[in-house]
Amino acid sequence: MAVATFGESVKRTEDPRLITGRGKYVDDVRLTGMAHLAFVRSTYGHANIKSIKTSAARNAPGVIAVFTGADLQEELGGLPVGWMLPDLKQPPHPPLAYETVRYLGDAVAVIVADSAYQANDAVELVEVDYEVLPAVVNGEEATKDGAPQLHEEAPNNIGFDWEVGGGDYAEAIKDPDVIVVKERIVNQRLIPNSMETRGVVADYDVGKGNITLYTSTQIPHLVKLLFSLVTGWPEQKVRVIAPDVGGGFGSKLYLYAEEVVAGIVARQVKRPVKWIESRSEAYVSTAHGRDHICDAEIAGKKDGEIIGIKVDLYANLGAYLSTFAPLIPTYLFGLMLGGVYKMPNIDCKVHGVFTNTTPVDAYRGAGRPEAAYLVERMVSRFAQEIGRDPIVVRRKNMLQAHKNGREVTTGVMYDSGDYKGNLNKALEIFDYKQFRADQRAARRDGKLLGVGIATYIEICGMAPSAVASSLGAGAGLWESSNVRVHPTGKATIYIGTSPHGQGHETTMAQLVSSELGIPIEDIEVLHGDTDQGQFGTGTFGSRSLAVGGAALFNSLQKVKAKTHRLASHLLEADPKFVTFSNGTFAVEDIADKTLTIQEVAGQAYAAANLPDGMEPGLEEVSFFDPQNFAWPNGTHICVVEIEQDTGKVEVQRYVAVDDFGNVLNPMIVDGMTHGGVAQGIGQALSEQAVYTDDGQLLSGSLMDYALPSADMFPMMELDRTVSPSPSNPIGVKGAGEAGTIAASPAVMNAVVDALAHLGVKHMDMPATSEKVWRAIQDAKEAQRAARATARAAK
Amino acid sequence: MRAYVETSGKGPTMSTEITVTVNGTAHTEAVEPRLLLAHFLRDVLDLTGTHVGCDTSQCGACTVHLNGEAVKSCTVFAVQANGAEVTTIEGLADGDTYSNVQQGFWDEHGLQCGFCTPGMIMTSEALLKQNPNPSEEEIRAGIAGNYCRCTGYQNIVNAIGAAAKAGK
Ligand code: FES
Ligand code: FES
């Protein structure tokens, strides 16, 4: 019987089922009479649908029904947008296209069959007659005159123009001492690739008119709400269950077409239906991430003082607006352009652009990795330009440490942090001086060694609802909890967040155990079933502990207050003299007057002797809405070695110092950091979604998209600083995205550092062997040419 | 429920009878020749611990042991396993006692979402059978055919190292 404490690396309670194959993911749901769905998807990037012939498919073995977009146009409604911006263009987004397909993979029809094999066979028998239209896939090209147009509602394919800033950049660079460095920064499109693809099982109760959706999602409650809004299905008759979910990284944070279609089709055929996304399908039908083309400028003085940054960004939205698409390249990007620096002048313009590609939305970090990459690349680029050490330049411009709120140029309030402290600690672990000496020696031996530093800060803990709503959020972003202590003193809690690898069953139980003194094995954590508990927002934006944990903490305080009052009453003592620790109430100075929380819980239900006015039972609910966001920050250092002859980049060392505020379970936080860093290294070195000009996805399977494997990484060295966040009662900040945010600039700064002596100043991600090899050849060629010119001049 | 039973009445599907011993129990079933072993395990035998994470034989989530060797069960037809012995993740623990690898994954936090885990564990078992004392580099190379998107592999490498130690 172990009572867990805050800060202890408690082993995960989820794991026994998951290491024995007893987890339950959507594809493991089996219902009597269940039929299977398969989608017919567009094979073109842009085309009009002239006709769809379904008769052969309808007559195929096992096929129960075939529906086209036109068949279900009324019932399906349109997919919603959950974040508004001024003048946002919202073209209709039918779950099944019926007139025009706008990206490869846009669904046009759905097959219902007895088995998944039969459903997939029948897909081949559907004949769609397309009139192919010209396509555009590049976010900048799409805004030019004469570019193919996607939506009538969005002239020049512009979904929105947005800006943010502070100070006066244009004025500041008029100073003749100011040096302006310009660079085109491309943040390539990524494909999230959670190892479990998406999937949904829809179970229609013919008698009651209820629908249950089992779906692999990060936001079961929002899926329930949005499903009900788009289909008109009464919300109380919709139940959404997120069972074990095999990763998400932002890609399962929306209402998807297939969820709506499955629900409606189940009602049509009066059978449960299942759809499991194939991996190749996931490449085109699950939202992508990043895809920024950006003209950036950084301005500063010879002594290293940075005076501002200017950004003009084309953010590719894909063919339609996914649920949170307008939020990602705007607030989550633009507000972070000051990084951990004073950065007194910021000028940021963002153009959200429709193209004939899969919709783009949040992917781990969502907007913040793009901002940190841009800022950290530009700061290093600036340091290189003025011939100063990148660490000296960073230190010179960093914000001072603060504990309780610091307003920055973009108008937001960072909560707490010791930015130089992070940097110093990372440098200490790393031994920078030694490295530079090693690097010089390596260069003499013809080896290419480079170091990259990246600092970051990120807006997390979504969110103060009033702030979010004033910026365009379509729903409150608070979080909720319900704590039910049973008559035996064991507890069941329901949390509004929805884990998909984060280990909430462990950490939330750990919080309950540490607060109430109930052994962790006596605590059951429920989540992800909208019929089991109150509304919750979900798991994304590193918010689960900072907002959801805080909601749980508040419920626990209510339980403590009630049991304290009841215990005092039962012990016939003045509450002032009744203490509570380790699950036991005691009267100060009287040794034998004690009651355990289990005994008090029993009495709360027996209700034989309650204080005046106290209701029986022991169950509390809290909804927590923070006053500010939480702001994790840190410094990461990476060393790469590049093979001269092949351009192959190897990450040799990786040091990360992060400030996540207080840390509830260090083991879990470290694990999340490892995973985040790996995704950032993946972006820097190998991952990239590539479209042809006419909208075919070349990197459309795991064979063509270079997902990182175990042999790409060194052992990462992690450490922390701790500045408790004043934004929530437990002082935590969130750890889910940090690694991804810091890693790609750290790696790319290292790659450029390794090649800097050859004259290389910037390279776009991913730094593949080919790209690096070409950069080396070009640099050598340029050096040879320069030498020749110099000789000729002599 | 059998997932591959014909109910639409639009003609029979060809099927072949096979006997496969899975986790020590022999199963005789009539299956379509094209049925993948992964789907046979999951949908015919209801052993859903074996996961399917891709359709190009890349991810390794479906790894099982076929006659003692690690194979990607999405790349084997069920009929090819006729007469064979198959071990899946469900057959690894001895009652309540986990294998060293399973225990290592739990102790070292070698999993997060758990989706890659069954395949990762089955691959690790085979790796340690071939090489009971692998270096970090050998571990990383040995699991390079299994993708994990959550852990950055670090604690998986630690878990396999811990299992190797426990096996001594
Ligand atoms: S399912 Fe991916 S390799 Fe078998
Ligand atoms: S634990 Fe999620 S993919 Fe490995």
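**Exercise 1. Classify the packing of α16(A) against α17(A) in this predicted model, and state which residues make the contact.**

Step 1. Take the geometry: the axes of α16 (residues 544-570) and α17 (residues 597-606) of chain A come within 10 Å and cross at roughly 90°.

Step 2. Angles of 65 to 115 degrees count as roughly perpendicular. Therefore α16(A) and α17(A) are roughly perpendicular to each other.

Step 3. On the α16(A) side the contact uses Thr563(A), Leu566(A), Ala567(A) and Leu570(A); α17(A) supplies Ile597(A), Val600(A), Gln603(A) and Ala604(A).

Step 4. Sorted by class, six residues of this contact are nonpolar, two are polar and none is charged.

**Exercise 2. Describe the interface of chain B and chain A, and place Gly114(B) in its surroundings.**

Step 1. Count the residues: 58 of chain B are in contact with 65 of chain A.

Step 2. Between them the two chains bury about 5100 Å², with 54% of that area on carbon and sulfur atoms.

Step 3. Seven salt bridges are found across the interface. Lys11(A) and Asp107(B) meet through their side chains in a salt bridge, at 2.5 Å from N to O.

Step 4. Locate Gly114(B): it is in the loop between α2 (100-107) and α3 (117-130) of chain B. Its relative accessible area is 2%, so Gly114(B) is buried.

Step 5. Leaving aside neighbours within four places in sequence, Gly114(B) contacts Leu18(A) and Tyr25(A) from chain A, and His51(B) from chain B.

**Exercise 3. Which parts of chain A does the salt bridge of Lys274(A) and Asp27(A) tie together, and is each partner buried or partly exposed?**

Step 1. The side chains of Lys274(A) and Asp27(A) meet at 3.1 Å, N to O.

Step 2. Lys274(A) belongs to strand β12 (residues 273-276), while Asp27(A) is in the loop between α1 (15-18) and β1 (35-41), so the pair ties together parts 247 residues apart in sequence.

Step 3. The cut-off for buried is under 20% relative accessible area. Lys274(A), at 4%, is therefore buried, and Asp27(A), at 22%, counts as partly exposed.

**Exercise 4. Why are Glu770(A) and Arg774(A) separated by about one helical turn, and which residues share a salt-bridge network?**

Step 1. The closest N and O atoms of Glu770(A) and Arg774(A) are 3.0 Å apart, forming a salt bridge.

Step 2. Both residues are in helix α20 (residues 769-793) of chain A, and because they are four residues apart, about one helical turn separates them.

Step 3. Elsewhere, salt bridges with shared partners join Arg41(A), Arg198(A), Glu258(A), Glu277(A) and Glu281(A) into one network.

Step 4. Of these, Glu281(A) lies in helix α8 (residues 279-285) of chain A and counts as buried at 13% relative accessibility.

Technical notes. Residues numbered from 1 in each chain as written. Chains lettered and ligands numbered in written order. Predicted model: local features only at pLDDT ≥ 70, side-chain atom pairs only at ≥ 80, totals over all residues. Heavy atoms only, no water. Helix = DSSP H or I, 4+ residues; strand = E, 2+ residues; numbered from the N terminus. Buried < 20%, exposed > 50% of the residue type's maximum accessible area, 1.4 Å probe, protein only. Contact = heavy atoms within 4.5 Å. Axes fitted to C-alpha atoms, helices over the stretch in contact; angles between N-to-C directions. Parallel < 35°, antiparallel > 145°, perpendicular 65-115°, else oblique. Nonpolar A, V, L, I, M, F, W, Y, C, P; charged D, E, K, R; others polar. Buried area = accessible area lost by both parts, 1.4 Å probe. Salt bridge = Lys/Arg side-chain N within 4 Å of Asp/Glu carboxyl O.
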